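Please work through the following exercises with the sequence and the model side by side. Each task is followed by a solution in steps.

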Amino acid sequence: MKHTINISGNQATVFLTDKIYVHDASLLRNDLLDIIAQGVTDVKIDLSELTYIDSSGLGTLVTINKRTKERNGSLVLAGAKGLPFELIKRTRLDKVFTIE
């Protein structure tokens, strides 16, 4: 997995590509928690180029969602399709996340 983070004020846009497994999820979680600690409250994650996400990746999204809400912010998932979108729906996380 590759991820790119663009920050503008208190907003960040994260672009994910390829697949997210345990090791990738840990790196992503650490990077996102760091930027939230630095004042980012609103995070948009672009999943349009993501082809797979495992349970640890979904757990990272849950953690980031919780952390942004604690700071009166938000997490938005954009462009989810294919298997990642199906996994989000099957785990009923589509009821938790804001999805565009």
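The exercises below concern a predicted model and treat its sheet, its core, its salt bridges and two single residues.

**Exercise 1. The sheet**

Determine the order of the strands in the sheet and state which strands form its edges.

Solution.
Step 1. The sheet is open and consists of 5 strands, arranged in the order β1-β2-β3-β4-β5.
Step 2. The edge strands are β1 and β5 (98-99), since each of these pairs on one side only.
Step 3. The pairing within the sheet is mixed. In general, strands of a sheet pair through backbone hydrogen bonds, in either a parallel or an antiparallel sense.

**Exercise 2. Two pairings of one strand**

Compare the two pairings of β2: in which sense does β2 pair with β1, and in which sense with β3?

Solution.
Step 1. Strand β1 (residues 2-8) pairs with β2 in the antiparallel sense, over 7 bridges. Within this pairing, N6 stands opposite T13 of β2, and S8 has Q11 of β2 as its bridge partner.
Step 2. The connection between β1 and β2 is a hairpin with 2 residues between the strands. G9, in the turn, has a positive phi of about 65 degrees.
Step 3. β2 pairs with β3 in the parallel sense, over 9 bridges. Here Q11 stands opposite D42 of β3, and K19 has Y52 of β3 as its bridge partner.
Step 4. Q11 thus serves in both pairings, with S8 as a partner and with D42 opposite it in β3.

**Exercise 3. The helix on the sheet and the nonpolar core**

State which strands α1 lies across, and which element gives the largest share of the largest nonpolar core.

Solution.
Step 1. Helix α1 (residues 22-37) lies across β1, β2 and β3 and runs at about 175 degrees to β2.
Step 2. The largest nonpolar core comprises 26 residues, and those with the most contacts inside it are L16, I45, L47 and L77.
Step 3. Two or more residues of this core come from each of β2 (11-20), α1, β3 (42-53), α2 (55-70), β4 (74-78) and α3 (82-90). The largest share is that of α1, with 6 residues.
Step 4. L77 may be inspected as an example. Apart from its neighbours within four places in sequence, L77 is in contact with I45, L47, L61, I88, F97, T98, I99 and E100. I45 and L47, like L77, are among the residues with the most contacts inside the core.

**Exercise 4. The salt bridges**

How many salt bridges does a search of the whole structure find, and which residues are joined into one network?

Solution.
Step 1. The search finds 3 salt bridges.
Step 2. One of them joins the side chains of K44 and E100, at 3.2 Å from N to O. K44 belongs to strand β3 and E100 to the segment after β5, so this pair ties together parts that are 56 residues apart in sequence. K44 is partly exposed at 34% relative accessibility, whereas E100 is exposed at 56%.
Step 3. Another joins R67 and E70, at 3.6 Å from N to O. Because these residues are 3 places apart in helix α2, about one helical turn separates them.
Step 4. R71 also forms a salt bridge with E70, at 3.8 Å from N to O. The shared partners join R67, E70 and R71 into one network.
Step 5. Each member of this network is partly exposed: R67 at 30% relative accessible area, E70 at 46% and R71 at 36%.

**Exercise 5. A charged residue without a salt bridge**

Is D24 buried or exposed, and what is the nearest side chain of opposite charge?

Solution.
Step 1. D24 is located in helix α1.
Step 2. D24 is buried yet has no salt bridge. The nearest side chain of opposite charge is that of K19, 9.8 Å away, and a salt bridge would require the nitrogen to lie within 4 Å of a carboxyl oxygen.
Step 3. Leaving aside neighbours within four places in sequence, D24 is in contact with M1 and K19.

**Exercise 6. A loop residue**

Where is V96 found, and is V96 buried or partly exposed?

Solution.
Step 1. V96 occupies a place in the loop between α3 and β5.
Step 2. V96 counts as partly exposed because its relative accessibility is 42%.
Step 3. V96 and V62 are 34 residues apart along the chain, and 8.4 Å separates their C-alpha atoms.

Terms used. Residues are numbered from 1 along each chain as its sequence is written. This is a predicted model: local features need pLDDT of at least 70, side-chain atom pairs count only at pLDDT 80 or more; totals for chains, interfaces and linings use all residues. Side-chain values use heavy atoms; hydrogens and water are left out. Helices (H or I, at least four residues) and strands (E, at least two) are DSSP runs, numbered from the N terminus. Buried means under 20% relative accessible area, exposed over 50%, partly exposed in between (1.4 Å probe, protein chains only). Lys and Arg count as positive and Asp and Glu as negative; His and the chain ends are not counted. Contact means heavy atoms within 4.5 Å. A nonpolar core is a set of buried Ala, Val, Leu, Ile, Met, Phe, Trp, Tyr and Cys residues joined through side-chain atoms within 4.5 Å. Two strands pair if DSSP finds at least two bridges between them. Axes are lines fitted to C-alpha atoms, for helices over the stretch in contact, and angles run from 0 to 180 degrees between N-to-C directions.
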